[in-house]
Amino acid sequence: MPPPNPPCPTCGVAMGHGVPDPYWLDAASLPQHVDIFRLADASTLIIANERLVDAVRRLELDGVVFKDLEVR
């Protein structure tokens, strides 16, 4: 079924759809050599590690929303 709202022309995310709660990542599957990546089955979801989040906040960049994800 198509999403109820059209996708964002910039990022492609259909507004009104979020990450399931709880959502967690398998620690063994996470890349260790990058600070930011996309998931194969959810390409509009961008995962960033704490180092990147800290840098964005330190530089006071805006336009990005971060949500903590559990890693198991």
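## A walk through a predicted model

The side chains of R51 and D35 come together in a salt bridge, with 2.3 Å from N to O. This pair ties together distant parts of the chain, since R51 belongs to helix 1 (residues 50-58) while D35 sits in the loop between strand 1 (24-25) and strand 2 (36-39), and the two are 16 residues apart. The model that shows this contact is a predicted one, and the reader should keep that in mind throughout. As for the surroundings of the two partners, R51 counts as exposed because its relative accessibility is 56%, over the 50% that the term requires. D35, in turn, is partly exposed, because its relative accessible area of 24% falls between the limits of 20% and 50%.

How many salt bridges does the structure hold? There are two of them, and the other one is formed by the side chains of E70 and R72, at 3.1 Å from N to O. Of these residues, E70 has a relative accessibility of 41% and therefore counts as partly exposed.

It helps to step back now and look at the overall arrangement. The secondary structure of the protein consists of one helix and four strands, and a reader who follows the sequence from its start meets them in the pattern β-β-β-α-β. Strand 2 and strand 3 (residues 42-48) run antiparallel and are joined by four bridges. The connection between these two strands is a hairpin, which passes from strand 2 to strand 3 through two residues.

Individual residues let us trace this pairing in detail. I36 lies in strand 2, and its bridge partner in strand 3 is A48. For F37, the bridge partner in strand 3 is I47. If residues up to four places away in sequence are left aside, I36 touches I46, I47, A48 and L52. One of these neighbours, I46, is 10 residues from I36 in sequence, and the C-alpha atoms of the two are 7.0 Å apart in space. Is I36 buried, exposed or partly exposed? With a relative accessibility of 45%, I36 counts as partly exposed, because this value lies between 20% and 50%.

The interior can be approached through the largest nonpolar core, which has five residues, namely L25, F37, L39, L45 and I47. Strand 2 and strand 3 are the elements that give two or more residues to this core. F37 and I47, which were met above as bridge partners, are both among the core residues. Across the whole protein, buried residues make up 11% of the 72 residues. The protein exposes about 6200 Å², and carbon and sulfur atoms supply 56% of this area.

Which parts of the chain come together although they are far apart in sequence? Among the contacts in the protein with a separation of 6 or more, 32% are between residues that are 24 or more positions apart. A separate example of two residues far apart along the chain is given by P22 and L69, which are 47 residues apart, while their C-alpha atoms are separated by 8.3 Å. P22 is found in the segment before strand 1, and P22 is exposed, because its relative accessible area is 62%, over the 50% limit.

One residue deserves attention for its backbone. Most residues other than glycine have a negative phi. E60, however, has a positive phi of about 55° although E60 is not a glycine. This residue is placed in the loop between helix 1 and strand 4 (70-71), and E60 counts as exposed because its relative accessibility of 69% is over 50%.

Finally, a careful reader will ask how confident the prediction is. The mean pLDDT of the protein is 83, and 83% of its residues reach 70 or more. Where is confidence lowest, and where is it highest? The lowest mean, 84, is found in strand 3, and the highest, 96, in helix 1, the helix that holds R51 of the salt bridge with which this account began.

Key:
Residues numbered from 1 in each chain as written. Predicted model: local features only at pLDDT ≥ 70, side-chain atom pairs only at ≥ 80, totals over all residues. Heavy atoms only, no water. Salt bridge = Lys/Arg side-chain N within 4 Å of Asp/Glu carboxyl O. Buried < 20%, exposed > 50% of the residue type's maximum accessible area, 1.4 Å probe, protein only. Pairing = 2+ DSSP bridges. Contact = heavy atoms within 4.5 Å. Areas by Shrake-Rupley, 256 points an atom, 1.4 Å probe, with all protein chains shown as cover. Core = buried A, V, L, I, M, F, W, Y, C linked by side-chain atoms within 4.5 Å. pLDDT = per-residue confidence, 0-100.
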